[in-house]
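Could you walk me through this model in my viewer, one selection at a time? I would like to know what to click on next and what I will find there.

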Amino acid sequence: MRISTVRDFRDRATTLLRSDDPILVTRRGKVAGIFLPWREATLPVDFKRELFAMLTAEIAHQLKRKRVSEKAVLQDFEHWQKERREAGRRR
């Protein structure tokens, strides 16, 4: 297992992600994350479900903590889409 700081992981991500070794990523000496190489073409369905549940729960938690409503997220997304369409027309 390799150990990398967040900064080092960011700067050398391409090289580190090609590695077959798991990577423990640290921030200020504490674990920030773990990268586990995955060589299979697809993820097992059970893993996808669990990952989806974990991610949606974390997103909901962050939105609630920052007091961001679903309406605000949708408005921001619509604004982004509009800007993207306008940028495409200018090309």
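**A tour from the whole chain to one ring pair**

Start with the whole chain in view: of its 91 residues, 9% are buried. Keep in mind along the way that this is a predicted model.

**Stop 1: the whole chain**

Switch to a cartoon view and you will find four helices and three strands. Trace them along the sequence and the pattern reads β-α-α-β-β-α-α. The chain is more spread out than a compact globule, because its radius of gyration is 18 Å, well over the 12 Å that the globule rule gives for 91 residues. If you draw a box along the principal axes, the C-alpha atoms fill roughly 45 × 35 × 35 Å.

Next, turn on contacts. Take those between residues at least 6 apart in sequence: 4% of them join residues at least 24 apart.

**Stop 2: the surface and its charges**

Now show the surface. The accessible area of the chain is about 8600 Å², and carbon and sulfur atoms account for 55% of it. Colour the charged side chains next, and you will have 22 positive and 13 negative ones to look at. The centres of these two sets lie 6 Å apart.

**Stop 3: the aromatic pair in helix 4**

Select helix 4, residues 70-90, and show the side chains of phenylalanine 77 and tryptophan 80. How many aromatic pairs does the model hold? The count comes to one, and you are looking at it: phenylalanine 77 and tryptophan 80 are stacked, with 5.7 Å from centre to centre and 25° between the planes. The angle fits the label, because planes under 30 degrees apart count as stacked.

Look at the backbone beneath the rings as well. Phenylalanine 77 and tryptophan 80 are separated by about one helical turn because they are three residues apart in helix 4.

Are these two rings buried, exposed or partly exposed? Phenylalanine 77 is partly exposed, at a relative accessible area of 43%, and tryptophan 80 is also partly exposed, with a value of 43%.

**Stop 4: arginine 84 and a long line across the model**

Stay in helix 4 and click on arginine 84. Its relative accessibility is 57%, so arginine 84 counts as exposed, the cut-off being over 50%.

For the last step, select proline 44 too and draw a line between the two C-alpha atoms. Arginine 84 and proline 44 are 34 Å apart in space and 40 residues apart in sequence.

Key. Residues numbered from 1 in each chain as written. Predicted model: local features only at pLDDT ≥ 70, side-chain atom pairs only at ≥ 80, totals over all residues. Heavy atoms only, no water. Helix = DSSP H or I, 4+ residues; strand = E, 2+ residues; numbered from the N terminus. Rg over C-alpha atoms; globule rule 2.2 N^0.38 Å. Buried < 20%, exposed > 50% of the residue type's maximum accessible area, 1.4 Å probe, protein only. Contact = heavy atoms within 4.5 Å. Areas by Shrake-Rupley, 256 points an atom, 1.4 Å probe, with all protein chains shown as cover. Lys, Arg positive; Asp, Glu negative; His and termini not counted. Charge placed at Lys NZ, Arg CZ, Asp CG, Glu CD. Phe/Tyr/Trp six-rings, centres within 6.5 Å; stacked < 30°, edge-to-face > 60°.
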